[in-house]
Amino acid sequence: MGRQSEHPYIPKLKQLFAEGGCDRREFLRTATLLGVSATAAYAFVGKVTGESVAFAQAALPKGGTARISVRIRQFESAHKANFVPPSNCVRQVCEYLSKTGYDNVTRPYLLEKWEPSPDLKTWTLHVRRTVKWRKGGRLLNADDVVWNLRQVLDPAVGSSVLGLMKGYMMEDVPTGEKNADGTAKLTARLWDSKAIEKVDDFTVRLNLKQAQLGVPEHLFHYPLAITDPAEGEKFAPGTNGTGPFDLVEYDIGRRATFKARKDYWGQGPYLDELVFVDLGDDPGADVAALASRQIHLASAMGASQLEPCKRIPHLVYYPADTAASAHARMHPVPPFNDKRVRQAMRYAVDCKTVAEVALGEIGSPGEHHHVSPIHPEYAKLPPFNRDLAKAKKLLAEAGHPGGIDIEFNCPNGSWQRDVSQVMVQQWADAGIRAKLNIIPSTEYNKNWTEYPLGFTDWSHRPLGVMCLSLGYRTGVPWNESKYSNPEFDRLLTEAEATADVEKRRGLVRQLEMILQDDGPLVQPIWRKVFCFADQKLKGFKMHPTQYVFGEEYGVEA
């Protein structure tokens, strides 16, 4: 990025990094979001630290079929994908305006570049001029981008993108109807008619209500795949896209088949065909399929698969430290509508023990606020330790001196089940008697936001504030606990608007404290993600969000 267009915060950021005021991760993340190219940002890091960074891609074999274990779930809308496996199907066909890489740095993708204003309230997006749709070969343009952004921000669509962007792109307005309690029913709409503005055929401008640093990272949120406006948001065999593959088969619960495009605008694909195979909930099925070389890769794996796969000689182990997590979350219904009960649920759990017993070497203790130590804005709070006496006292003060009887719903994934069972045992010590209902994952995921007390795994996000805005901001689609706290919302919006590293961390500290005190979650663990791949699969790297990029892979015969 040239000196004339450099964001005014960049010189201060460089000084902070050089003086040790922010770490490498935060420097790279903030500099690239403010428009510095990843190459230039890494070059500056090298000048300060002396490190050398190379991004060479080895020559890959061409042709053949890669077979990958991925859950093939029922869904029709690319913009409403709620889990990583459906998004891995979509991303082979449809692509994203930006891309957060294996290093957690976000780069332009369908965009050539972006330019934030000094106050972070105007973002100019420049669409790459060489991207072609599969059908007809027409160029991707600004109209396509504008339609997709308006689509995901339409409350009627129900995309979780609304959760990320509501604070700076939307406003609440009365519908003219009343809620059950007599208050006015509200709906969200774009805050201004020019909030999303077409400048020319390849330029889009976002005019924000509030300053926002994370716009480029939000553009890579997996329901924001760019689809063809002529086809709407549907995803099915034959769907048009700009991506490296064409979907030719989608058999729910069994298989998805993708054929490589010969006219793809980007690098690759090297394969002729990519096949996703659904092997179900049984963790042994992935291990057996890898051992027998029926698949080349299991894209998402749990603790019970780690040691068996380590003993298979032709497999390569790919671990990644991430902000992947899981938590029990509570709706505001009795008994959980009393803050003291929610606090008791947290104090009754020993997170360190849960992580060690249920996950072993891939687990670490959570802190009940959903901001990970690997998030750049993480603020360390005093330890949140188990305190059974306090948990019992809180329950008694809430009118439950004899404890409570509750139902706890959990999907049938092996590690989710293991974590839930340890929590149930620990809750019992405080008089919290939880009946654990293990539900097949496909059924659980259809109703994952509806259980009064449910256990949900959350994928990695590059920022803690992204987790908070998706899961806890008032009224957004993925707010599975139906949590609403105006002070939390206000501080979150302020944190998202703050480029200054130190100031943002101070705001996040307050958000973490609110969730530990008032929040709707028991978050016992952070989880490293890992997978195993056949040594014949070349070009694979472990993405922290467990994304699959088929165009980057090759298969040895």
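Contact here means heavy atoms within 4.5 Å. With that in hand, let's walk through this predicted model, starting with a sheet and the helix that lies on it.

**The sheet and its helix**

Helix α5, residues 142-152, lies across β5, β8 and β9. Its direction is at about 180° to that of β8. Those three strands belong to an open sheet of four, and the order is β4-β5-β9-β8 with antiparallel pairing. At the edges sit β4 and β8 (196-200), each of which pairs on one side only. From one strand to the next, the twist averages 20°.

Strands of a sheet pair through backbone hydrogen bonds, either parallel or antiparallel. Two of the pairings in this sheet can be set side by side:

| Strand | Partner | Sense | Bridges | One facing pair |
|---|---|---|---|---|
| β4 (residues 111-116) | β5 (residues 122-127) | antiparallel | five | Pro116 and Trp123 |
| β8 (196-200) | β9 (residues 203-207) | antiparallel | four | Asp200 and Thr203 |

The hairpin of β4 and β5 has five residues between the strands, and there Leu120 takes a positive phi near 60°.

**Lys99, a lysine that is tucked away**

Where does Lys99 sit? Its place is in strand β2, residues 98-100. Is Lys99 buried or exposed? Its relative accessibility is 15%, so Lys99 counts as buried, given that the cut-off for buried is under 20%.

Its surroundings come from several parts of the chain. Leaving aside neighbours within four places in sequence, Lys99 is in contact with Val105, Thr106, Arg107, Tyr109, Phe220, Phe549, Glu551 and Glu552. With one of them, Glu552, the Lys99 side chain makes a polar contact, side chain to side chain, at 3.0 Å. Leu219 is 120 residues from Lys99 along the chain, yet the C-alpha atoms of the two are separated by 8.1 Å.

**Thr239, in a loop**

Now for Thr239, which you'll find in the loop between α7 (215-218) and β10 (245-251). Although it is in a loop, Thr239 has a relative accessible area of 3% and is therefore buried, since buried means under 20%. Not counting residues up to four places away in sequence, Thr239 touches Val93, Cys94, Arg134, Glu231, Lys234 and Asp246. What does the side chain of Thr239 reach at 2.7 Å? The backbone oxygen of Ala236.

**A pair of helices**

Two packed helices are described by the angle between their axes and the distance between the axes. For α15 (residues 464-471) and α16 (residues 486-496), the axes come within 11 Å and cross at roughly 145°. The crossing of α15 past α16 is left-handed. On the α15 side, the contact is made by Val465, Leu468 and Ser469, while α16 brings in Phe488, Leu492, Ala495 and Glu496. Sorted by class, the residues in this contact of α15 with α16 are five nonpolar, one polar and one charged.

**A mostly covered helix**

Last stop: helix α10, residues 339-347. How many of its nine residues are buried? Seven are, so you can think of α10 as mostly covered. The buried ones are Val341, Arg342, Gln343, Ala344, Met345, Arg346 and Tyr347. At the start of α10, Asp338 has a side-chain oxygen that reaches to within 2.8 Å of the backbone nitrogen of Arg340.

Notes. Residues numbered from 1 in each chain as written. Predicted model: local features only at pLDDT ≥ 70, side-chain atom pairs only at ≥ 80, totals over all residues. Heavy atoms only, no water. Helix = DSSP H or I, 4+ residues; strand = E, 2+ residues; numbered from the N terminus. Buried < 20%, exposed > 50% of the residue type's maximum accessible area, 1.4 Å probe, protein only. Polar contact = N/O pair within 3.5 Å; in protein donor to acceptor, adjacent residues only side chain to side chain. Axes fitted to C-alpha atoms, helices over the stretch in contact; angles between N-to-C directions. Left-handed = near helix turned anticlockwise from the far one by under 90°. Nonpolar A, V, L, I, M, F, W, Y, C, P; charged D, E, K, R; others polar. Pairing = 2+ DSSP bridges.
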